[in-house]
Amino acid sequence: MSTRALRTAASGMYAQQINIEVISNNIANMNTTGFKKNKPEFQDLMYQEVAVNPINSSAPGIKSTGTEVIQVGNGVKPSSTQKIFLQGDLVPTNNLLDLAIQGDGFFQIRKPDGTFVYTRDGSFKVNAEGIIVTSSGYSLDPEIRIDENSVGFSVSRDGVIELQQRDGTNIPIGNIQLVRFLNPAGLMALGDNLYAETEASGVPIFGTPGLDGFGEIHQGFLESSNVDVVEEMISMITAQRAYEINSKTVKTVEEMMTMANNLKRG
């Protein structure tokens, strides 16, 4: 029994270690553009049936068969981490290339190998060819090219991009499409503020910003992380206490085993 209690306490310590690692990643990314916090999820392990009185006795006057059992659990295990896609605050930057999504939706990004990934990070740049790219150099899809003869450009809330000419006229050059998923929590985080489609997320659904539940695009803004520092600190304290209590369980079991071992000497 003591061995099982040790394993159970160890599983609790390991689960809280994972919990702290997830919380620390949330806090580390509190200033990451478009970052969505993670929430760890846990499941209880299988249960074993344990005899209430494992000692059978046939002594006269004693009725004990040892057939009565109770269920005793074997601890806990981390089951998954879930992305929480709550809206982050929109922070003004006065940079024309900064785009933020107010609402659901992702920017679609094309990687050099032709595959597509998705992001909420709208801190775009212009490369040497005039193409709008991410900080990692991946191009926004559909591809948008800025003419070097233009004096500026604007992006409307419904994604229409217009180049501003020297004579004061505006020329539309394309539209930014947004993508959303039936289950965004099923997306796979790739790092670099990018996500990949998975079977759990479902296929991407394309749409126009501001229509059919897609968010609006705000030029000159960036979406901040949705990490709440106070909430994370409370979660960290709770996890620390849970880890401490599990470690005390290990100490208690060790003391019980020592007492049982000393019975013979007494």
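Two strands count as paired if DSSP finds at least two bridges between them. Keep that in mind for the opening part. One caution as well: this is a predicted model.

Let's start with a sheet. Strand E12 and strand E13, residues 160-164, pair in the antiparallel sense, over 4 bridges. One position to find on screen: Val155 stands opposite Ile161 in E13. Now add the next strand. The sheet is open, it has 3 strands, and the order is E12-E13-E14. The pairing is antiparallel. Which strands stand at the edges? Strand E12, 152-155, and strand E14, 170-175. Each has a single partner strand, so one side of each is left without a neighbour in the sheet. From one strand to the next, the twist averages 25°.

Next, two serines. Ser224 is in the loop between strand E20, 221-223, and helix H2, 229-262. Ser225 lies in the loop between E20 and H2 too. Buried or partly exposed? The cut-off for buried is under 20% relative accessible area. Ser224 has 21% relative accessibility, so it counts as partly exposed. Ser225 has 9%, so Ser225 counts as buried.

What does Ser224 touch, leaving out residues up to four places away in sequence? Thr32, Gly34, Gly88, Asp89 and Val91. Here is a distance for Ser224 as well. Ala100 is 124 residues from Ser224 in sequence, yet their C-alpha atoms are 9.1 Å apart in space.

Now Ser225. Its side chain reaches the backbone oxygen of Asn29 at 3.4 Å. A polar atom of the Ser225 side chain also lies 3.1 Å from the backbone nitrogen of Val227. Beyond its neighbours within four places in sequence, Ser225 is in contact with Asn29, Met30, Thr32, Gly34, Phe35 and Gly88. So Asn29 appears twice for Ser225: in the contact list, and through its backbone oxygen.

Last stop, Phe85. Where is Phe85 found? In the loop between strand E4, 76-83, and strand E5, 90-92. Its relative accessible area is 24%, which means Phe85 is partly exposed. Setting aside residues up to four places away in sequence, Phe85 touches Lys36, Phe106, Pro184, Ala185, Leu187, Tyr195 and Asn226. One more distance, this time to Ile109. Phe85 and Ile109 are 24 residues apart along the chain, and 19 Å separates their C-alpha atoms.

To recap the loops: Ser224 is partly exposed, Ser225 is buried, and Phe85 is partly exposed.

Conventions
Residues are numbered from 1 along each chain as its sequence is written. This is a predicted model: local features need pLDDT of at least 70, side-chain atom pairs count only at pLDDT 80 or more; totals for chains, interfaces and linings use all residues. Side-chain values use heavy atoms; hydrogens and water are left out. Axes are lines fitted to C-alpha atoms, for helices over the stretch in contact, and angles run from 0 to 180 degrees between N-to-C directions. Buried means under 20% relative accessible area, exposed over 50%, partly exposed in between (1.4 Å probe, protein chains only). Contact means heavy atoms within 4.5 Å. A polar contact is a pair of N or O atoms within 3.5 Å; within protein, one must be able to donate a hydrogen and the other to accept it, and residues adjacent in sequence count only if both atoms are side-chain atoms.
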